[in-house]
Amino acid sequence: MLTFPPFLAGLGSGLSLIVAIGAQNAFVLRQGIRREHVLGVVVLCALSDALLIFAGVAGVGAVIATAPWVLTVARWAGALFLVVYAALALKRAIRPASLRAEGSAGGSRTGALATAAALTWLNPHVYLDTMVLLGTIANAQGDPGRWIFGAGAVLGSFLWFPLLGFAARMLAGFFAKPGSWRILDSLVAAVMLLVAAGLLAGS
């Protein structure tokens, strides 16, 4: 049987979990296209992932798994937040604005970071994926393999979020038209509502 070194196994596992389009990725993509506070949002998302992954490696995920009320609270709070964000995205889709590439087009840094934090920490899937799932796989590696696995998973986050946030700028030309923002914000709203529905369905 083909086996991978712990670092490569962690890198592959981490990327496989975060690359899928979800609420957090949709927000990072939108910030990247608008060129609004991208560095701060990217760093916050990557550091949050790193903290959650190493917490899982340290065994915190096992504790979370035995306290279902924590995930229940996160599930309802996250679903409410996603519905509100989806409503705001739909409002933007109705009255779209073109991209102002010369700088920030609106939104404060604090607001952007708060939204990124909420999309990360109010999503129970984050705890299940990073702390429970990755933590379980990491701890199967033994010592020091579990920490090497965790380092690989963290590298995946530090590769993905900058790529998503800064590569999105290549789409700036397309999003110079208001109609393009109508499409994006409609898709963002759909993603948020689908994720919210998924959270409530699991309650």
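## Report on a predicted helical model

Ala-114 lies in helix 6. With a relative accessibility of 45%, Ala-114 counts as partly exposed, because that value falls between the limits of 20% and 50%. The C-alpha atom of Ala-114 is separated by 9.7 Å from that of Leu-44, although the two residues are 70 places apart along the chain.

### Confidence

The structure described here is a predicted model. The mean pLDDT of the chain is 81, and 85% of the residues score at least 70. Where is confidence in the chain lowest, and where is it highest? The lowest mean, 66, belongs to helix 4 (residues 60-65), and the highest, 93, to helix 3. Over residues 99-105 pLDDT stays under 50; for this stretch the model has 14 contacts beyond four places in sequence. Where pLDDT is low, the predicted coordinates should not be read in detail.

### The nonpolar cores

In soluble globular proteins, nonpolar side chains tend to be buried together. In this model, the largest nonpolar core has 31 residues, of which Phe-27, Val-28, Val-41, Leu-82, Phe-161, Val-188 and Met-192 touch the most other members. Two or more residues come from each of helix 2 (23-34), helix 3 (38-57), helix 5 (68-94), helix 6 (109-121), helix 8 (145-167) and helix 9 (178-201). Helix 9 gives the most to this core, namely eight residues. A second, separate core has nine residues, among them Ala-50, Ile-53, Leu-134 and Phe-149.

Val-28 offers an example of the surroundings of one core residue. When neighbours within four places in sequence are left aside, Val-28 is in contact with Val-41, Val-42, Cys-45, Phe-161, Leu-164 and Gly-165.

### Helix 2 and the loop after it

Of the 12 residues of helix 2, 11 are buried, so this helix is largely enclosed by the rest of the structure. The buried residues of helix 2 include Ala-23, Phe-27, Val-28 and Ile-33, and also Gln-24, Asn-25, Arg-30 and Arg-34. The length of helix 2 can be checked as well: at 1.5 Å a residue its 12 residues should span 16 Å, and its end C-alpha atoms are 17 Å apart, which agrees.

Most residues other than glycine have a negative phi, and most peptide bonds are trans. Which residue with a positive phi follows helix 2? Helix 2 is followed by Arg-35, with a phi near 60°. Arg-35 is found in the loop between helix 2 and helix 3, and is partly exposed at 30% relative accessibility. His-37 has its place in the loop between helix 2 and helix 3. The phi of His-37 is positive, near 50°, in a residue other than glycine. His-37 is buried, because its relative accessible area is 14%, under the limit of 20%.

### Charged and polar pairs

How many salt bridges does a search of the whole structure find? The search finds three, and the table lists them.

| Residue pair | Closest N to O distance |
|---|---|
| Arg-30 and Asp-185 | 2.7 Å |
| Arg-34 and Glu-36 | 3.2 Å |
| Arg-146 and Asp-143 | 2.7 Å |

The pair of Arg-30 and Asp-185 links distant parts of the chain: Arg-30 is in helix 2 and Asp-185 is in helix 9, 155 residues apart. Arg-30 has a relative accessible area of 7% and is therefore buried. Asp-185, at 1% relative accessibility, counts as buried. Glu-36 and Arg-34 are both buried.

Are Asp-143 and Arg-146 buried or exposed? Asp-143 is exposed, with a relative accessible area of 59%, whereas Arg-146 counts as buried at 18% relative accessibility.

Asp-49 takes part in a polar contact with Ser-157, in which the side chains are joined at 2.8 Å. Asp-49 is found in helix 3 and is buried, with a relative accessible area of 3%. Leaving aside neighbours within four places in sequence, Asp-49 is in contact with Ile-18, Thr-130, Ser-157 and Phe-161. Phe-161 is also listed among the contacts of Val-28.

How values were computed: Residues are numbered from 1 along each chain as its sequence is written. This is a predicted model: local features need pLDDT of at least 70, side-chain atom pairs count only at pLDDT 80 or more; totals for chains, interfaces and linings use all residues. Side-chain values use heavy atoms; hydrogens and water are left out. A nonpolar core is a set of buried Ala, Val, Leu, Ile, Met, Phe, Trp, Tyr and Cys residues joined through side-chain atoms within 4.5 Å. Buried means under 20% relative accessible area, exposed over 50%, partly exposed in between (1.4 Å probe, protein chains only). Helices (H or I, at least four residues) and strands (E, at least two) are DSSP runs, numbered from the N terminus. Contact means heavy atoms within 4.5 Å. pLDDT is the predictor's confidence in each residue, from 0 to 100. A polar contact is a pair of N or O atoms within 3.5 Å; within protein, one must be able to donate a hydrogen and the other to accept it, and residues adjacent in sequence count only if both atoms are side-chain atoms. A salt bridge is a side-chain nitrogen of Lys or Arg within 4 Å of a carboxyl oxygen of Asp or Glu. The expected span of a helix is 1.5 Å times one less than its number of residues.
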